[in-house]
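Let's walk through this structure together, one helix at a time. Keep the viewer open as you read.

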Amino acid sequence: MVFDEIYKTYWNKVFRICMGYVNDHDWAKDIAQETFVTIWQQLPKFRGEAAMGTWIFRIASNNCLRQIERQNRMPRSDMPEQIAEHIEHDREPQVQFLYKCIAELPETDRLIISLELEDVKQAEIAKIVGLSETNIRVKVYRIKERLAKKFENYER
Amino acid sequence: MSAEVDLKALWNKEEAKDMPDTKELLKKADRVRKLTRIKLITQTLILLATVAVLLTVGFRIDHEQVTTVIGLVLMIIAIVSYLAVANQLLPMLFKSDIEGSSQDYLNQLIRIKRKNEFINKVMINIYFGLLSLGVFLYSLQFVKRMSTGWEVFYYVMVFGWMGFSWFWSRPRGVKKKQKPLNDIIERLEAVNKQLGDSD
């Protein structure tokens, strides 16, 4: 698969995973771009030991985790409400709420649920995150339950 | 569970409307690579220039005593090793594999930060130790030519400065560098623990 094709196929998927992690459009775009720069650099060395998707999502997830080192960036939730609203104006409220809820989860849970919602098989998520498939199944179940509860309260 | 269907549908509605052009992205990648290379070259040149200046200045002065040369060499080692570590000129120590699983990657990041923390602490001690000893040995030859009064004054000043650096500047330098590193390590460990918490 050539880079152009990978880029077109995976850009939105990678962007959404980053967005689930940081819930900040510009920041997520930066992480997604960094991810594709890495993919471009590492592609000649890719031997196909893992599926292409697994490999790409691993790089994306690790790039998200790397944000822990960057303390200075202001998280979305810390922005004054007026600014936040201004940026959010063209997003559906329910979509906004979902991404907000995900970004409030513990870091690794954010990645797990983002990959699950991106339709990545749980066996692959296990390989990406480094946990067993059973663990992933349990975690996904709990996170979904948590999100469902939040949505119930939101809709009331 | 209908919530699941809804979540997926909602999830997929998010899009980065302005996907950067491939050319623009690759240009960025190229710029990053060039910048890294330029940074590395500049740092190496600065190091070499420092050594060259110290060597030229140092060896122009007659060194009647072997202590002068030893002092000079110690000062050079102190400065070069400090600059090398401060600029992370040893990339193999700080290399991480971004293609591994999240758990492996987090462990790598923690290991790298710990190494960084250790090197900072050790390097600052080595730097102060070598530099003080170097200055002291280097000056022996010149102090010998002074009158006793000046000699005493000189030693008081030098030891005073060494004491001040060791007991005042060094601990502050270490603390200033350790604080952000420790914070990051703490956060990385907390995230890593999330993966261990699963049952």
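Start with H5(B), a helix (a DSSP run of H or I, at least four residues, numbered from the N terminus) that has 42 residues and reaches 60 Å from its first C-alpha to its last. That is close to the 62 Å expected at 1.5 Å a residue, the expected span being 1.5 Å times one less than the number of residues. This is a predicted model, in which local features need pLDDT of at least 70 and side-chain atom pairs count only at pLDDT 80 or more, while totals for chains, interfaces and linings use all residues. Residues are numbered from 1 along each chain as its sequence is written, with chains lettered from A and ligands numbered from 1 in the order in which they are written.

Now look at the partner of this helix. H5(B) and H6(B) pack at an angle of about 175°, with their axes 9 Å apart; axes are lines fitted to C-alpha atoms over the stretch in contact, and angles run from 0 to 180 degrees between N-to-C directions. That makes H5(B) roughly antiparallel to H6(B), a label for angles over 145 degrees.

Both helices also help chain B meet chain A. The elements giving two or more residues to that side of chain B are helix H1 (2–12), helix H2 (22–60), helix H5 (102–143) and helix H6 (148–196). In total, 33 residues from chain B and 48 residues from chain A take part in the contact, where two residues are in contact if their C-beta atoms, placed from the backbone, lie within 7 Å.

Finally, turn to Cys18(A). Leaving aside neighbours within four places in sequence, Cys18(A) is in contact with Ala28(A), Ile31(A), Ala32(A), Ala60(A) and Cys64(A).

Methods
Angles under 35 degrees count as roughly parallel, over 145 as roughly antiparallel, 65 to 115 as roughly perpendicular and the rest as oblique.
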